[in-house]
Amino acid sequence: MSTELRAEIVALLKDATSLIPAIAQDAGSGEVLMLAYMSAQSLAITLETGRATYWSRSRNELWEKGATSGNIQLVHSISLDCDGDALLIKVEQTGVACHTGAQSCFHRSIENVL
């Protein structure tokens, strides 16, 4: 398995040595599922396997979404923003996306706080 990004992809990134925010969006419904971070290595693995692989900042290691929970993300497409410093990953989500058991990590409204 390749763990290095191709040079033409590295050239598109603002900084291939930094973590890149990655928004996971349901490819069918358009629902925003979660925000995670990718390293160049996790992006390379994702591109090769078609399964979303992220960098865990808390554990300081690679993690394939769903490797232990079964709630995998099959990647349909990956887009890079205009500045080359954020990713939008459209996925087919199996099970829930959030570690709390919610479908999306964005399930808590702050509207009543304002």
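Strands here are DSSP runs of at least two residues, numbered from the N terminus. With that in hand, and remembering that this is a predicted model, let's walk through it.

**Stop 1: leucine 88.** Select leucine 88, which sits in strand S6. Its relative accessible area is 28%, so leucine 88 is partly exposed. Now show what surrounds it: setting aside neighbours within four places in sequence, leucine 88 is in contact with Ile23, Gln25, Ser77, Ile78 and Ser79. Try a distance from leucine 88 to serine 77, C-alpha to C-alpha: you should get 8.2 Å, for two residues eleven apart in sequence.

**Stop 2: a nonpolar patch.** Ile23, which you just met as a contact of leucine 88, also belongs to a surface patch. Select Ile23, Val32, Leu35 and Phe106 together and switch on the surface; they make a nonpolar patch of about 350 Å². Pick out leucine 35, a residue of strand S2 (residues 32-38). Is leucine 35 buried or partly exposed? Its relative accessibility is 44%, so leucine 35 counts as partly exposed.

**Stop 3: helix H2.** Next, select residues 40-49, which form helix H2, and colour its buried residues: Ala40, Ser42, Leu43, Ala44, Ile45 and Thr46. What do they pack against? Turn the view and you'll find helix H1 (7-10) and strands S2, S3, S4 (61-64), S5 (73-80) and S6 (87-93). Then step just past the end of H2 to glycine 50, where phi is positive, at about 80°.

**Stop 4: serine 56.** Move on to S3, which covers residues 53-56, and select serine 56. This serine counts as buried because its relative accessibility is 5%, below the 20% cut-off. Show its side chain and look for two polar links. One is a polar contact with the side chain of serine 58, at 3.3 Å. The other goes to the backbone nitrogen of arginine 59, at 3.0 Å. Beyond four places in sequence, serine 56 touches Glu61 and Trp63.

**Stop 5: the aromatic pair.** Stay with tryptophan 63 and add tyrosine 54. How many aromatic pairs are there in the model? The count is one. The ring centres of tyrosine 54 and tryptophan 63 lie 5.2 Å apart with their planes at 40°, so this pair is tilted. Colour the two by accessibility before you leave: tyrosine 54 is buried, with a relative accessible area of 0%, whereas tryptophan 63 is partly exposed, at 22%.

Conventions. Residues numbered from 1 in each chain as written. Predicted model: local features only at pLDDT ≥ 70, side-chain atom pairs only at ≥ 80, totals over all residues. Heavy atoms only, no water. Helix = DSSP H or I, 4+ residues; strand = E, 2+ residues; numbered from the N terminus. Buried < 20%, exposed > 50% of the residue type's maximum accessible area, 1.4 Å probe, protein only. Polar contact = N/O pair within 3.5 Å; in protein donor to acceptor, adjacent residues only side chain to side chain. Contact = heavy atoms within 4.5 Å. Patch = residues over 30% accessible without salt bridge, like charges linked within 9 Å, V, L, I, M, F, W, Y side chains within 5 Å. Areas by Shrake-Rupley, 256 points an atom, 1.4 Å probe, with all protein chains shown as cover. Salt bridge = Lys/Arg side-chain N within 4 Å of Asp/Glu carboxyl O. Phe/Tyr/Trp six-rings, centres within 6.5 Å; stacked < 30°, edge-to-face > 60°.
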